[in-house]
Amino acid sequence: MSQAISLRNDITTQHFYLVRQEDFTLKKEDLQKLLNDMSLEEKIMQLVQLPGQAFEDDAAITGIADTEVSAKVKQLAGSTLGLHGADKIRKIQEEYVKNHPHHIPLLFMLDVIHGHDTVFPCPLGQGATFNPETSKKGAAIQAKEAAADGIHVTFSPMADLVRDARWGRVVESTGEDPYLNGEMTAAMVEGYQGDSIADHDHVAACVKHFAAYGGSEAGRDYNNVELSEYALKDQYLRAYKKTIDAGVKMAMTSFNTLNGIPSSGNKWLMRDVLRKEMGFDGILISDWGAIGEMVPWGLAADLKEAAHLAIEAGVDIDMCTESYGFNLATLIEEGKIKEKLVDEAVLRVLNLKNELGLFEDPYHGASAEKYEKITFSAESREVARAAVRESLVLLENKGNALPLNSKKIALIGPYVDEKNLQSSWAITCNADTNVTLRQAFTEAFEGTDTELRFANGCTLLDEDADLGFFHSHLDNFEADNEKLLAEALEAADFADTIIMCLGESAFQTGESTSKVQIKLPEIQLELFKKIKATGKKIITLIFNGRPLDLGNLPEESDALMICFRPGTEGGHGIADVLTGKFSPQGKLPMSFPYCVGQEPLYYNSFNTGRPKPTDRYSAFTTRYLDCPNEARYPFGYGLTYSDFEISEVALDKAEMKKAEGISSASATPSLYAGGDKIVATATVTNKGNAEATQTVQLYIRDLVGSRVRPIKELKGFKKVTLAPGESAEVSFEITEDMLAFFTLNNVFETETGKFKVFMGFDSATENAAEFELK
Ligand code: BGC
């Protein structure tokens with residue numbers, strides 16, 4: 001291809017003056033020419049992101065916005081967030097490009113986290129599917145709907161490792177395991193970005209929040225994080241790395257400090273670790289206001305110092321503060337920073353605009369007509385419905401209480417008619433489009449001889465509930481709870497099976513929703529008690545965005561299922577499983593505790609020098625006096641409608657030959673490609689009476705290391721669908737990269753010695769064989 005890109009001569013009169021064709025070979029030079037032609041002010045403004053309210057009053061607010069910006073700032077700021085709507089965005093873009101001195105298009109960004117219009121299960125629910133392919137499909141649909149609606153970049157996926165159920169943002173993560181998170185978030189990046197972000201059905205993805213936001217002390221949002229470099233690199237950074245390898249175009253800094261330094265001012269973290277070690281070459285954007293937050297943190301005296309620290313650290317875009325806009329030029333004039341730092345950052349912004357094809361079509365194909373046509377398509381809804389089915393985790397099923405086999409069913413509880421089945425991070429979701437349990441069950445049993453009754457039973461929240469930022473979603477406490485209870489008792493009286501529909505509010509999940517009590521609202525527990533007293537069969541459904549202390553619900557329910565925040569097709573997906581059309585297959589992506597005092601709780605912890613006692617009276621071991629150490633339901637746990645058995649693990653050999661001289665500053669499995677392998681195999685048998693899908697999980701333990709290693713680490717998983725009585729062999733290839741960790745040499749490498757290989761249906765499995773790396 002000859003001139004892949006040609007820069008038109010008269011750059012001031014052309015709207016879109018970079019004409020890009022198929023290949024990108026000249027891109028860098030041409031963008032450099034453009035950069036050279038820009039004034040310092042213009043360049044700096046490319047690094048400024050304005051809240052959407054600066055352009056439109058009804059933009060989605062995700063932070064605290066000061067929208068009083070001058071016309072000049074609006075004309076030059078390089079990006080905005082929170083807006084959507086094809087016609088609206090086209091109008092803003094047209095005006096903007098016309099008035100911009102170099103006609104450089106504006107970037108439109110939005111949090112499309114688990115759905116734009118068609119809403120998929122929340123990321124934690126997606127983690128429970130253990131199916132990256134499902135998330136990839138969902139992300140592709142989200143990208144298509146969002147792109148048609150005017151969006152260029154989504155602030156997703158969140159690859160933060162989460163271990164503390166008190167932190168409300170666990171709903172945005174795929175869970176507590178670095179491997180699972182990496183597989184899921186990399187798949188999301190592939191779905192959002194497709195083969196090329198120039199394609200109008202795709203958007204650029206942004207991995208967040210770099211780094212270790214999930215480690216927030218005491219689960220309190222925006223808090224300090226104290227982590228050793230070992231924990232950081234060996235556990236917390238692995239998933240972000242997989243999204244980088246998947247080609248994610250943008251990364252976002254986190255609000256927390258890491259060992260005393262707020263991320264947006266942490267040069268070591270951003271330049272040495274993120275860029276050099278992990279190979280990230282995209283745009284680094286601050287989180288909302290995070291550069292300015294270095295002032296209240298006490299790292300910077302004022303916004304000028306904050307801007308200085310952030311640009312030195314390599315933060316390219318300042319999301320919604322005045323730090324960069326007001327201070328970078330002065331910092332250059334005063335000789336405190338080199339203009340080169342700004343140039344580098346601007347070039348990255350121009351590069352993304354170019355990769356999105358915005359210089360050719362600044363609207364990236366946004367079209368109200370296309371949007372109308374594709375949004376909520378039957379196919380999208382079917383993908384969402386299948387995702388719900390895969391995400392449901394059955395924790396209890398006594399005497400095969402499920403699937404339903406009764407002719408008189410009552411659905412009772414505040415989730416019967418709850419429309420908000422999304423999390424607080426589906427900000428463009430219209431809750432009225434979500435399918436409720438009442439709607440789905442009515443549909444599912446229409447024309448059958450099964451009779452249904454419905455009753456809300458009580459308000460969703462306790463009267464003294466505090467939803468903070470989301471206070472406008474507080475229940476109407478005028479509601480007559482006595483009347484609601486009477487209706488519920490009447491419905492219970494009629495039924496022989498009762499489905500209790502309970503849960504947290506959508507607005508108790510997400511940002512700034514930390515909690516020290518992780519139980520259901522008291523009023524719902526009271527309702528449960530009263531319904532339980534009827535002595536009927538009880539199936540409990542829980543809608544939640546975090547692991548909960550389930551109290552006595554597991555003991556007192558005949559079946560109990562975790563539904564997370566299932567999104568648009570919630571009701572349908574749940575009815576599909578409860579009626580037995582599909583067997584549940586979800587597995588917990590986070591450990592469920594007995595009580596909140598166990599948090600942070602995660603399966604891949606250390607053994608300690610005084611491991612769990614074998615009898616309760618053995619003295620001076622690591623244990624609580626009043627609670628088990630273990631999870632009530634461990635990571636990876638979840639029942640199906642059948643019973644599965646697994647044989648012992650067979651290894652094809654007992655030794656693996658260590659490759660010579662491999663070490664890396666970052667987790668890069670490909671270094672070991674072509675090395676020795678061991679194959680681990682087990683036979684899985686469906687011993688029950690229903691066809692079902694089981695998720696076989698592979699865990700490895702490094703028995704002795706230069707640093708203490710976790711008692712188990714997930715290294716693979718495979719799904720197997722078997723008819724009753726059927727068996728299948730399931731094998732995993734163990735390669736040397738799976739054994740690499742951040743050793744005492746402060747690099748990723750393997751160490752010789754013995755390893756245990758576990759295969760089972762959850763992280764508590766003890767089904768293991770041993771091999772040696774020599
Ligand atoms: C959140 C980010 C989000 C950003 C933009 C912040 O408050 O922490 O996750 O992407 O707002 O909405």
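**Pocket, strands and rings: the grounds for each term**

Modeller: The largest pocket has a volume of about 970 Å³. The model is predicted: local features need pLDDT of at least 70 and side-chain atom pairs count only at pLDDT 80 or more, while totals for chains, interfaces and linings use all residues. Residues are numbered from 1 along each chain as its sequence is written, and side-chain values use heavy atoms, with hydrogens and water left out.

Colleague: What makes a set of points a pocket, and how is a volume obtained?

Modeller: Rolling a probe the size of a water molecule over the atoms shows where empty space is left. On a 1 Å grid over the protein atoms alone, a pocket is an open set of points with protein on both sides within 12 Å along at least five of seven lines, whereas a cavity is a set where a 1.4 Å probe fits but cannot get out. Grid points are joined across faces, edges and corners, and the volume is the space filled by probe spheres set on them.

Colleague: Which residues of the lining lie nearest the centre of the largest pocket?

Modeller: Y603, S605, N629, E630 and I711 do, out of 29 lining residues; a lining residue has an atom within 4 Å of a point. The lining divides into 13 nonpolar, eight polar and eight charged residues. Here Ala, Val, Leu, Ile, Met, Phe, Trp, Tyr, Cys and Pro count as nonpolar, Asp, Glu, Lys and Arg as charged, and the others, Gly among them, as polar.

Colleague: Why is N400 called buried or exposed, as the case may be?

Modeller: Buried means under 20% relative accessible area, exposed over 50% and partly exposed in between, with a 1.4 Å probe and protein chains only. N400 has 51% relative accessibility and therefore counts as exposed. N400 lies in the loop between strand 14 and strand 15, where strands (E, at least two residues) and helices (H or I, at least four) are DSSP runs numbered from the N terminus.

Colleague: What is the phi of N400, and what is that of F564?

Modeller: Most residues other than glycine have a negative phi, and most peptide bonds are trans. N400 has a positive phi of about 50 degrees, and the phi of F564 is also positive, near 55 degrees. F564 lies in the loop between strand 19 (559–562) and helix 21 (570–578); at 1% relative accessibility, F564 counts as buried.

Colleague: What is omega for the peptide bond that joins K208 and H209, and for the one from L402 to P403?

Modeller: The K208–H209 bond is cis with omega about -10 degrees, and H209 belongs to strand 7 (residues 204–210). The L402–P403 bond is cis with omega near -5 degrees, and P403 lies in the loop between strand 14 (393–397) and strand 15 (408–412).

Colleague: Why do strand 22 and strand 25 stand at the edges?

Modeller: The open sheet has five strands in the order 22-30-29-24-25, with mixed pairing. Strand 22 (655–656) and strand 25 (713–722) each have a single partner strand, so one side of each is left without a neighbour in the sheet.

Colleague: How do you know that strand 24 and strand 25 pair?

Modeller: Two strands pair if DSSP finds at least two bridges between them. Nine bridges join strand 24 (residues 692–702) to strand 25, and the two run antiparallel. One of the bridge partners is E713 in strand 25, opposite I700.

Colleague: Why is the pair of F755 and F771 called stacked, tilted or edge-to-face?

Modeller: Rings of Phe, Tyr and Trp (its six-membered ring) pair if their centres lie within 6.5 Å; planes under 30 degrees apart count as stacked, over 60 as edge-to-face and the rest as tilted. By this rule the count comes to 17 aromatic pairs. Among them, F742 and F748 are 5.7 Å apart centre to centre with 55 degrees between the planes, and this pair is therefore tilted. Both of these residues, F742 and F748, are buried. F755 and F771 are 5.4 Å apart with 15 degrees between the planes, so this pair is stacked. The pair links distant parts of the chain, F755 in strand 29 (residues 753–760) and F771 in strand 30 (residues 768–773), 16 residues apart. F755 is buried at 1% relative accessible area, as is F771 at 2%.

Colleague: Which residues do ring pairs link into a cluster?

Modeller: The cluster consists of F130, Y179, Y603, F635, Y699 and F717. Y603 is also one of the residues nearest the centre of the largest pocket.
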